[in-house]
Protein chains: 2
Amino acid sequence: MEDGTSKSVGSPEGTLGECIEWDLRNGCEVRQILDRVADKWSLLTIALLERQTLRFSELQRQIDGVSQRMLTVTLRQLERDGLVTRKVYPVVPPRVEYSLTDLGCTLLSTIQSLVAWTEEHQAEIAAARAEYDARAAEPVA
Amino acid sequence: MEDGTSKSVGSPEGTLGECIEWDLRNGCEVRQILDRVADKWSLLTIALLERQTLRFSELQRQIDGVSQRMLTVTLRQLERDGLVTRKVYPVVPPRVEYSLTDLGCTLLSTIQSLVAWTEEHQAEIAAARAEYDARAAEPVA
DNA sequence: CGGTATCCGTTCTGATACTG
DNA sequence: CAGTATCAGAACGGATACCG
């Protein structure tokens, strides 16, 4: 996990296509970051932290389906990437609150778009799948 | 895989937070779709097909890093979900071209945002990681 | 409560070999 | 060229047990 020293950045401007090519040609860490933010749990976690601070248990309850381990791992990654802040209150029982950093907030709108898109086109995708599967079942006939 | 019959969709309007909650409470297939479109290879594949049709080998060459197997799998999923069109020319040697469907195009802008965000904040993330790792190395001191 | 450590089965991936 | 099939290794994810 060496990283790319943060200075050789300077991504080229231009169309997305160009950026992608640049990205790919460099086989750089962009893909790795993309994988992180595009992660299922990361996406949902960030979305849930929109404008609100949540405790570990609250997150776990709301995401429901995520195991304690996965939530912990996800939060650690997000914290490491500077997207989420972890605040520990030295009380007993322990209280740990998570919230988005400014950097994390900049991701919000994009994630919103992605989630919104998914919900908007849910039916279309389901239909496409059904059609595809049906076609696969009865070949050319 | 019951469908979402296209009419029972009506995701609630309002803030993203509300949508997410709705999403989670339904434990619906949204997450599954999200996982698909948020996939590393899917993301890059769709981005590369922006306004252009590409052959299998062209995609493989440009994405570089993807194995033939993964590219095939990815393209099949995207095709099944109705995001990509697969056109086979019955010639020899075989020629297969891929392009985005209208549905796939609607995802373009969102994906562009995500990729753009990643490239824009690459440095910040790298810095955050470095700081986090450094802090982990020398505890409280 | 909020983790961490560990075991362990499942999934994902890449490399390789073979086909139309 | 564009796959499909197979196999082994790596990564993922859940369940459990235990700590501060």
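I began at DNA strand D and sorted its surroundings by class: the surface near the strand has seven nonpolar, five polar and five charged residues. I keep in mind that this is a predicted model.

**Entry: strand D, who is there**

I looked up which residues come nearest to DNA strand D. They are Met70(A), Ser57(B), Gln68(B), Arg86(B) and Tyr98(B), out of 17 residues around the strand. Both chains appear in that list.

Next I asked what part of the strand faces the protein. I took the atoms of DNA strand D within 4 Å of the protein. Sugar or phosphate holds 66% of them, and bases hold the rest.

**Entry: strand D, phosphate contacts**

I went through the side chains that reach a phosphate oxygen of DNA strand D. Tyr98(B) puts a polar side-chain atom 2.5 Å from one. For Arg76(B), I noted 3.0 Å between a side-chain N or O atom and a phosphate oxygen. From chain A, Ser67(A) has a polar side-chain atom at 3.1 Å from a phosphate oxygen.

I then mapped the surface onto secondary structure. Elements giving two or more residues near DNA strand D are α5 (68-80) of chain A, and α4 (56-63), α5 (68-80) and β3 (95-100) of chain B. Which element gives the largest share? I found α5(B), with four residues.

**Entry: strand C, who is there**

I moved to DNA strand C. It is surrounded by 18 residues, and the closest are Arg76(A), Arg86(A), Tyr98(A), Arg69(B) and Pro94(B). Of the atoms of DNA strand C that come within 4 Å of the protein, 61% are sugar and phosphate.

By class, I listed eight nonpolar, five polar and five charged residues on the surface near DNA strand C.

**Entry: strand C, phosphate contacts**

I checked two arginines of chain A against the phosphates of DNA strand C. Arg76(A) has a polar side-chain atom 2.6 Å from a phosphate oxygen. Arg86(A) likewise has a polar side-chain atom 2.6 Å from a phosphate oxygen. From chain B, I noted Ser67(B), with a polar side-chain atom 3.3 Å from a phosphate oxygen of DNA strand C.

Which elements supply at least two residues each to the surface near DNA strand C? I wrote down α4 (56-63), α5 and β3 (95-100) of chain A, along with α5 of chain B. The most comes from α5(A), which gives four residues.

**Entry: chain A overall**

I stepped back to the fold of chain A. I counted seven helices and three strands. From the N terminus on, the order reads α-α-α-β-α-α-β-β-α-α.

Chain A has 141 residues, and 45% of them count as buried. I also looked at contacts between residues at least 6 apart in sequence; 43% of these join residues at least 24 apart. The accessible surface of chain A is about 7400 Å², and carbon and sulfur atoms make up 51% of that area.

**Entry: the sheet of chain A**

I traced the strands of chain A. The three form an open, antiparallel sheet in the order β1-β3-β2. The edges are β1 (54-55) and β2 (84-89), each pairing on one side only. I followed the antiparallel pair β2(A) and β3(A), and found six bridges joining them. Within this sheet, Val84(A) stands opposite Leu100(A) in β3(A).

**Entry: cis prolines**

I searched for cis peptide bonds and noted one in each chain. In chain A, the bond from Val92(A) to Pro93(A) is cis, with omega near 5°. Where does Pro93(A) lie? I placed it in the loop between β2 and β3 of chain A.

In chain B, the bond from Val92(B) to Pro93(B) is cis, with omega near 5°. Pro93(B) is in the loop between β2 (84-89) and β3 of chain B.

**Entry: positive phi**

I looked up backbone angles at residue 51. Arg51(A) is not a glycine, yet its phi is positive, near 55°. Arg51(A) sits in the loop between α3 (40-48) and β1 of chain A. Is Arg51(A) buried or exposed? I marked it as exposed because its relative accessibility is 68%, and exposed requires over 50%.

I repeated this for chain B. Arg51(B) also has a positive phi without being a glycine, at about 60°. The loop that holds Arg51(B) runs between α3 (40-48) and β1 (54-55) of chain B. Arg51(B) has 69% relative accessibility, so I marked this residue as exposed too.

Definitions and conventions:
Residues numbered from 1 in each chain as written. Chains lettered and ligands numbered in written order. Predicted model: local features only at pLDDT ≥ 70, side-chain atom pairs only at ≥ 80, totals over all residues. Heavy atoms only, no water. Near = heavy atom within 4 Å. Polar contact = N/O pair within 3.5 Å; in protein donor to acceptor, adjacent residues only side chain to side chain. Nonpolar A, V, L, I, M, F, W, Y, C, P; charged D, E, K, R; others polar. Pairing = 2+ DSSP bridges. Buried < 20%, exposed > 50% of the residue type's maximum accessible area, 1.4 Å probe, protein only. Contact = heavy atoms within 4.5 Å. Areas by Shrake-Rupley, 256 points an atom, 1.4 Å probe, with all protein chains shown as cover.
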